[in-house]
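Please work through the following exercises with the sequence and the model side by side. Each task is followed by a solution that proceeds step by step.

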Amino acid sequence: MPNNKCMSMRGKTPRKRTASSPREYEPVEVYCRIRPLDNPEDSVCIKAISIDTVELVPPESAATRNGQIKEYQFKFCHVFDEYASQKAVFEDVPENERVRDQTRIDDVDEDNNYAVFVSYIEIYNNYIYDLLEELPYDPITGYKPPQSKILRTDNSDNMYVHNCVEIEVKTTEEAFEVFYKGQKRRKVAHTSLNAESSRSHSVFNIRLVQAPLDTRGEEVVQDPEKIYISQLSLVDLAGSERTNRTRNAGDRLREAGNINQSLMTLRSCLELLRENQKSGANKMVPYRDSRLTHLFKNYFDGDGKVRMIVCVNPRADEYEETIHVMKFAEMSQEVLVTRSQQVNFNTGFTPGRRRMHQQYAEKMERQPAERFRSHLVEFERNYERMGGKTTELEAALAQEKAARLRIESRMRAAERKAEESIRRVKDLEKENQALTLKVQDKNWKIQVEKTEKERLKSDFQTRLNMNNKQWEKNLEKIKLQVEAEAEAQLEEKERKLDILRDIVNNDETPRKAPRPAPKPRTYTTPGVSIQSARSEVDMSSIGAVRSKVTRNATTPGVPVNRIPAAKSMYNLNQVAATSASAKKAPVPYNTRYHRRSKSSSSAADIWLDHKPAGSVDTNTVLQPKLGKKRSVSKLEIRDTRDVSKYCLTHQEQDSNDELVTKIIKGDVIPTAAGGTAVVFKDVEILKQTSPGSRKRRSSGPPSVPAPEEWTDVETRCSIAIEGHS
């Protein structure tokens, strides 16, 4: 079963990298090791063809299934065949330095103190356990199970395991003892493929701490900025497993699932890192999906060196697993890691201070007390002499400091003046910009006002021309209407005079005394149709015309030949019949009361008949006559575009609860803005009243008419009421 083992090394320092420091990158180094066969007679699918290249040949079963044989070659930093020993592998990998490690310390500095700490953890079922932790013992239940640890970040954003045991070692033997202690507690189990199969990922950390000594060379400097830490992590990754081959179940199956999931997350992180580095993208790398990738996040995002050893099984049965591992290793070599920078270990202290301190201590032990006293007196003299020189130097330094302060004060004054000038210039520039903007704004407003005035002037001129044309058109219509009415009145008067003249000439009966005029009544004569007034305007105009004629006929001082008129509708009909027999004249009628409506118009006009919803149909003869019309119940703007006349029907109740219909008419004219406007010019009011209850009257003349003034039919019929039962 293929297995991956990764060995990582990282140099760490609490100081953060500055933005200006250059970065150098190097790829992940991958080595390949071919495991020896258990049975030398088994067929193999992989072999080493050089010190850095392997060839992968598919077995006959895979070639038959795919229909063709395809060989693969993969190149690594170094290839270890099945005959390479364990010692050769771990000696060649650290020594294969393509680029010299700048953080490597070849010689030990005698002015520094060094300490080595080791820790050992494992990642089992995506939980972190400390293999060096002392478990509490219970006499009844035995050792308690270990508690899982959590990951945290330090001040330098480096990941570490919280509460993990670190043991300081002095020799390699002590380090091996600690390693064997943790190895005994690691999770292993028997499977169908391996007798001892790793069920977890293990990490053995070696931390080297370097701290300088103080100026006397006695104690360690307690300054975190001067302490340097380097870490070497040896990681043993558990191999991927397929259930159909291992036939795992229960806990083994759950362990295999977690192992495969963590390895898949590692592959996804490396692929995204390679994609971000090649394409310059900024996709998020899912380090937190697994404890393994989360722990080693800084090894790929930070600086250091990463080396990976890929162990493969050369058996032909392992071809599918081997080719996946080869592709993963080939992809890992394309990931770049930031190379560690040279660490400056110069603390500014005198080199060799530890050796000097030791020599001084040894010398002080060998010298007698008298010589020490003389040396002490000489030292005090030198001290006094140096104190005087120090005083002189301090006085000179004070003078230089005073001169420097004066120069600095002058510089500050000059800087303040320069800042004040710059501020004034900026204020003037801002003021100039503001004034420029105001001038531009005013010019723009003046231009807008001029444009608006020109537009209003043009609009007013257009409307004035349209109104003049409309007035001329209306005056022409009124003129024609007045002429037609005058001609109709003259023809009516002539016709009446002709009728009365015929009556006078053909009347052979003696003239009777004028009878008093009867009360104003309206008779219904069979076969005679009485035209009703079509509006209040007609009703008022009929009475006004008759009163004017009567006044002109009874002017005092002028002899007037009174012509007897018909005293009733019946007599008028008889007179008309007699006149028709004597002289074939046309039947008399009044053109004023036989018009259809004031709504009549030319055939070219298109009417918009607006009747709101809920209007009551009166079913009367007094209806507006509209030639071409378009009827709507709800008025829209688009309805007024293709029409020239507008008619609105409005209904309401008067104070006597009678229905009143108002016909409001107007002209539709276009506006200068492209819309339409309605100019109302006429209103017709139609009323309907109930006839009530009355007695049926005879069609003949009354026997005794009421004594009133002399009247004619036109006066008595000036108002007509149309009723419907």
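**Exercise 1: the surroundings of E122**

Leaving out residues up to four places away in sequence, E122 touches Y127, I128, Y129, L131, R185, R186, K187, S200, H201 and S202, where contact means heavy atoms within 4.5 Å. The model is a predicted one, in which local features need pLDDT of at least 70 and side-chain atom pairs count only at pLDDT 80 or more, while totals for chains, interfaces and linings use all residues. Residues are numbered from 1 along each chain as its sequence is written, and side-chain values use heavy atoms, with hydrogens and water left out.

Task: Establish in which strand E122 has its place, and decide whether E122 is buried or exposed.

Solution: Begin with the secondary structure, in which strands (E, at least two residues) and helices (H or I, at least four) are DSSP runs numbered from the N terminus; E122 lies in strand β8, residues 112-124. Next, consider the relative accessible area, for which buried means under 20%, exposed over 50% and partly exposed in between, with a 1.4 Å probe and protein chains only; at 0%, E122 is buried. Finally, turn to one of its contacts, R186: the C-alpha atoms of E122 and R186 are separated by 7.2 Å, although the two residues are 64 apart along the chain.

**Exercise 2: the surroundings of R152**

Task: Determine which residues R152 contacts when its neighbours within four places in sequence are left aside.

Solution: First locate R152 in strand β12, which spans residues 151-153. R152 has a relative accessible area of 39% and is therefore partly exposed. Its contacts, with those neighbours left aside, are N158, M159, Y160 and H162. As a further step, compare positions along the chain with positions in space: R152 and H294 are 142 residues apart in sequence, and their C-alpha atoms are separated by 10.0 Å.

**Exercise 3: helix α10 and the whole chain**

Task: Find the helix in which both F372 and E483 have their place, and state how accessible each residue is.

Solution: The helix is α10 for F372 and likewise for E483, with α10 covering residues 369-506. F372 counts as partly exposed at 37% relative accessibility, and E483 is partly exposed with a relative accessible area of 37%. To close with the whole protein chain, there are 13 helices and 25 strands, and buried residues make up 30% of its 725 residues. Of the contacts with a separation of 6 or more, 71% are between residues 24 or more positions apart.
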